[in-house]
Amino acid sequence: EFTFAVVLPGGAWCIVPDLDQGTIDDAPKLEHGAALSTLAASDFDVCVPHMFCWPGYTQYRSIFDLIGVPLVGNTAECMALITDKQQTKAVAAAAGVPVPPGELLHSPDQTPTVGYPFVLKPCCEDNSMGISKVEEAGELRASLVEAFKFDSKVVCEKFIPLGREIRVAVVEDEAGEPSILLPATEYLLTPEHPMRTSTDKISVTEEGLPDADKFFATNREEAPDFRRSVCPAPLDDALTAKLGEAARRAHKALRCRDFSIFDFRVDPEGEVYMLECQPVCSFARESAMIGMASKTDRPELQHPQLFHTMLRRAAARKPKPFDASQKLG
């Protein structure tokens with residue numbers, strides 16, 4: 001049995017049995033206090049987060065921790081860390097994960113010390129918003145201004161020449177170890193289009209707004225070759241081992257839980273570099289991780305079995321009732 005806690009624009013909640021728009025429109029609208037009281041009194045077994053934004057990654061996940069409803073997937077603390085690309089790189093690199101060399105910029109007037117060509121990306125933005133490749137000094141000012149539209153901090157990192165771009169997903173086993181490497185996805189970039197931009201991920205209208213009728217841009221029938229992907233990616237044993245080792249190290253270093261998803265750049269010499277971690281999943285049949293899992297021949301990784309496993313593991317984390325006789329210390 002599923003119940004949906006919907007947070008509306010403006011912050012009001014409604015708690016509904018389905019996501020039909022009429023049901024949402026007719027439901028009582030609750031302020032935070034009333035919503036939390038209702039959720040806490042209902043004593044739900046588990047929560048599956050579906051708010052893929054900064055408040056949803058952090059504040060709302062923490063709310064469910066506070067009221068004792070365990071979350072499927074990653075904690076608010078993990079999500080706060082991975083949203084900051086520079087901190088993510090620093091933590092992963094300290095654990096031995098290869099990352100592109102770079103620096104953090106704090107002003108559009110700051111001159112990077114990284115040699116050309118390099119990539120500028122807003123530090124805490126998703127979906128490649130504000131990202132650009134800078135080939136020479138004449139392109140720098142406009143690229144900095146664009147990146148700083150989205151954040152007060154901008155990551156400047158060395159451009160890794162295109163060999164391949166690979167997405168890797170790791171799933172924990174029953175012991176909580178990130179031992180299961182799912183079949184990888186490769187983005188089929190080209191020398192003329194060597195890195196993914198926001199419009200390669202999200203379709204937009206002529207006005208530049210997300211197109212609700214055809215939201216995801218990758219692999220659409222009309223998509224050009226550089227906007228396509230393939231899963232499973234054809235990987236040899238050496239590259240699979242490199243990607244798996246880096247992903248497992250990053251999973252542990254970033255304190256991911258249940259699963260994690262990473263994007264890697266592979267240079268022409270076959271060396272791998274972690275670009276970012278994005279450990280979120282809607283668990284829809286069409287979602288990235290579920291699609292990768294479906295390419296295995298393992299029944300326990302097929303949909304919906306994998307989702308049910310995640311629900312079971314999360315429910316097992318539910319705090320036990322308070323025991324006044326428990327000795328502390």
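## Burial, build and cysteines of a predicted chain

Of the 329 residues in the protein chain, 44% count as buried. Keep in mind as you look around that this is a predicted model.

Let's start with the overall build. Ten helices and twelve strands make up the secondary structure of the protein chain. Its radius of gyration is 21 Å, close to the 20 Å from the globule rule for 329 residues, so the chain is as compact as a globular protein of that length. Along the principal axes, the C-alpha atoms fill a box of roughly 65 × 50 × 45 Å. If we take the contacts between residues at least 6 apart in sequence, 59% of them join residues at least 24 apart.

Next comes the surface and the charges. The protein chain has an accessible surface of about 16,900 Å², and carbon and sulfur atoms account for 55% of that area. There are 34 positive and 49 negative charges, and their mean positions lie 5 Å apart.

Now for the cysteines, where the disulfide count is zero. The table shows two of them with their closest cysteine sulfur.

| Cysteine | Closest cysteine sulfur | Sulfur distance |
|---|---|---|
| Cys78 | Cys256 | 4.0 Å |
| Cys277 | Cys256 | 4.1 Å |

Why is Cys78 not bonded to Cys256? A disulfide needs sulfur atoms within 2.5 Å, and the sulfur of Cys78 is too far from that of Cys256 for a bond, because the distance is 4.0 Å. The sulfur of Cys277, at 4.1 Å from that of Cys256, is also too far for a bond. As for their surroundings, Cys78 is buried, with a relative accessible area of 3%, and Cys277 is buried with 2%.

Technical notes:
Residues numbered from 1 in each chain as written. Predicted model: local features only at pLDDT ≥ 70, side-chain atom pairs only at ≥ 80, totals over all residues. Heavy atoms only, no water. Helix = DSSP H or I, 4+ residues; strand = E, 2+ residues; numbered from the N terminus. Rg over C-alpha atoms; globule rule 2.2 N^0.38 Å. Buried < 20%, exposed > 50% of the residue type's maximum accessible area, 1.4 Å probe, protein only. Contact = heavy atoms within 4.5 Å. Areas by Shrake-Rupley, 256 points an atom, 1.4 Å probe, with all protein chains shown as cover. Lys, Arg positive; Asp, Glu negative; His and termini not counted. Charge placed at Lys NZ, Arg CZ, Asp CG, Glu CD.
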